[in-house]
Amino acid sequence: MDIALYVSGESTLAGRDDVLKLSSNENPLGPSPAAQDAFRKAAGDLHRYPATDHAGLRAAIGQVHGLDPDRIICGVGSDEVLQFVVQAFAGPGEEVITTEHGFSMYPILARMVGAIPVTVPEDTRRVDVDAILAAVTERTRVVFIANPANPTGTMLGADELQRLVDGLPPQVLFVHDGAYTEFADGFDGGASLVDRHPNVIMTRTFSKAYGLGGLRIGWGYAARAVIDVLNRIRQPFNLSNAQMEAARAAVLDRDFTDRCIALNARMRDRMRQSLIQMGIGCDESFANFVLARFDSPQTATAADAALRAEGILVRRVGGYGLPDALRITVGDEAAVTRVYDKVALIGLGLI
Ligand code: PMP
């Protein structure tokens, strides 16, 4: 059931050439041209095994983000890094805390290792620090939150994060999933929290701001001791040369990334204002999507169907406990105009 949620039916519009996919939080500008060049160049070396230590990629990430490369681990998407975490830190009968509208992979990963996912309520679509702390038992091993969160787009500030970590027993690993960090202006993704606490790991991805979702590259940053344990689980050749070279070029192309982030901020604001003007609920989003909240699940279903009929794919989030909402990826100018012409008609009751 959970897997079906994660891999929802995007192929149903196959064959149409006007499909606008706003369902997976992909970058409307795609990857940086430098990353595409690096990928093509790596294709000339397909007979070579890749480096097992990811040194070049870790050095580039460390340089750009001001982090110690020896405390970075790379994986096949951040999903793989999250998987290493549960494999290393949770086991049968142990508990993994996630939140009411949290990312669907967390309970899947917990169950994968026989652990028990414990889902705590949120406070009006925001992670509730007190609810998490109240749910901790002596069997708790891992706490997962995404910040900014998917699919709500909401975010905890530095004080709340600190309070959460301060309240956790030291044997609990706090996973600060920063898949959408780049879109939250000026946020370090939790890196400074990691630097202060040995039981925190920050995970990041090349799938969103860097437009490399199809290539599958993610990374994590934590204390040396945590990274060493995760590396014992990692397969030596988990990343190909092409993945590493493209990701390295992408992270070093800061101008392109800045352009993507600026476009997202502009369009996200426009999307939210348009929704609000139409009387559709929309919390402030710190990510590259917005959550449109309709007056009922029936209206959300009708809006989804109307968009789909126009070739526009957005995400139903009933499986995340949000049956009256649709998650819509922030697109480029043309995409936002196309969606909102349509949503406006729905909002006005004309469809
Ligand atoms: N965390 C969150 C919160 C996400 O939304 C996603 C992607 N949907 C991921 C992790 C995984 O991303 P990837 O494996 O592509 O790095």
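Which residue of β4 stands opposite T98? In this predicted model, where local features need pLDDT of at least 70, side-chain atom pairs count only at pLDDT 80 or more and totals for chains, interfaces and linings use all residues, the partner is T119. Residues are numbered from 1 along each chain as its sequence is written.

That pair belongs to a parallel match between β3 (residues 95-99) and β4 (residues 116-120), which runs over 5 bridges; two strands count as paired if DSSP finds at least two bridges between them. Strands here are DSSP runs of E with at least two residues, helices are runs of H or I with at least four, and both are numbered from the N terminus. β3 is mostly covered, with 5 of its 5 residues buried. Buried means that 20 or more other C-beta atoms, placed from the backbone, lie within 10 Å of the residue's own (12 or fewer makes it exposed, anything in between partly exposed). E95, I97 and T99 point one way from the strand, V96 and T98 point the other way, and all are buried. In a regular strand the side chains alternate between the two faces of the sheet.

Zooming out, the chain holds 13 helices and 12 strands. Its radius of gyration, taken over C-alpha atoms, is 20 Å, which agrees with the value near 20 Å for a compact globule of 351 residues, the rule being 2.2 Å times the number of residues to the power 0.38. The C-alpha trace spans about 60 × 55 × 35 Å along its principal axes, and buried residues make up 48% of the chain. Of the contacts between residues at least 6 apart in sequence, 72% join residues at least 24 apart; a contact here is a pair of C-beta atoms, placed from the backbone, within 7 Å.

Then there is an open sheet of 3 strands, antiparallel, in the order β9-β12-β11. β9 (289-293) and β11 (315-316) sit at the edges with a single partner strand each, so one side of each is left without a neighbour in the sheet. β9 pairs with β12 (residues 325-329) over 5 bridges, and F289 stands opposite T329. Helix α11 (residues 254-277) packs on this sheet, touching β9 and β12, and its direction makes about 5° with that of β9. Axes are lines fitted to C-alpha atoms, for helices over the stretch in contact, and angles run from 0 to 180 degrees between N-to-C directions.

As for the ligand, the residues around it include D79, F103, N150 and D177, counted when the C-beta atom, placed from the backbone, lies within 6 Å. Helix α4 (residues 77-89) gives the largest share of this shell, 3 residues.

Technical notes: Two residues are in contact if their C-beta atoms, placed from the backbone, lie within 7 Å.
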